[in-house]
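Here are a few short exercises on charged pairs. Grab your viewer and work through them one at a time.

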Amino acid sequence: LGIPNDASRVVQKVSPKSPAAAAGLRPGDEIVAVNLQPTKTFKQVSKAIRASKGKPVIVSVLRPPGRYIELPPKKTIKQNGFYIYGFQPAGIVYKRYGPAAAFGLAATNTWDVTKGIAASLGRIVTGSGRKDVSSPVGIVDVSSQAVKTDYRDYLQILALISLSLALLNLLPLLPLDGGHIVFSIYEGIRGRSVGRAVYERVSAVGIALVLLLFFVGLSNDIGRIGGG
């Protein structure tokens, strides 16, 4: 399928209810600066927006037939781990790879994403990553936005969701698979099975923690969708 190599600075589509839409960005606008710093390529535009860390950005555009406009500052929003403005560039160029190179690139990207997800799970345990938790409500919202832009984005979102669920399932909590693995190893070392009462109590604790995680994610999604 290939991956994005670069794109035009010209805007093809503006996402509804996004910072770009609120600022008045229009299809056909050419982004020439971010925070008054000239951007000669789309990569520079993307890098400047991602570096905003949620702070307001001032996007300068050339609007046909060539009128220079500085859009009002708007805060970027975090999506899939990156800060975005909410538009799709025109003229995306995809770089294609052979089977061997594609497999190697996929393996590398999968490992990098896996490490990132594992690190985020660690932050959730310590409490610093509470705002990164999402529920099925947020998953549906993000995936529905992705499918409106490009099927490649949608497939990437599905892959990210699959990896997240796989790692979550490996947490050492019952009734997750990770909990069963831990109990199986413990019983193998111990040489006998764990009592049913202990198993049920540990399962109750695991279910409570999973439900707590779900409600934290749900409250985050309601806040994000509601603009809170």
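**Exercise 1.** Is Asp112 buried, partly exposed or exposed?

*Solution.* First, some ground rules: this is a predicted model, where local features need pLDDT of at least 70, side-chain atom pairs count only at pLDDT 80 or more, and totals for chains, interfaces and linings use all residues. Residues are numbered from 1 along each chain as its sequence is written, and side-chain values use heavy atoms, with hydrogens and water left out.

Next, the classes: buried means under 20% relative accessible area, exposed over 50%, and partly exposed in between (1.4 Å probe, protein chains only). Asp112 comes in at 41%, so it's partly exposed.

**Exercise 2.** Find the salt-bridge partner of Asp112 and place the pair.

*Solution.* Look for a side-chain nitrogen of Lys or Arg within 4 Å of a carboxyl oxygen of Asp or Glu. That gives Lys115, with the closest N and O atoms 4.0 Å apart. Both residues sit in helix 3 (residues 99-126; helices are DSSP runs of H or I, at least four residues, and strands are E runs of at least two, numbered from the N terminus). They're three residues apart, about one turn of the helix. Lys115 is partly exposed too, at 43%.

**Exercise 3.** Work out which parts of the chain the Glu30 salt bridge links.

*Solution.* Start with the partner: Glu30 pairs with Arg9, closest N and O atoms 2.6 Å apart. Glu30 is in strand 3 (residues 30-34) and Arg9 in the loop between strand 1 (3-6) and strand 2 (11-14), so the bridge ties together parts 21 residues apart in sequence.
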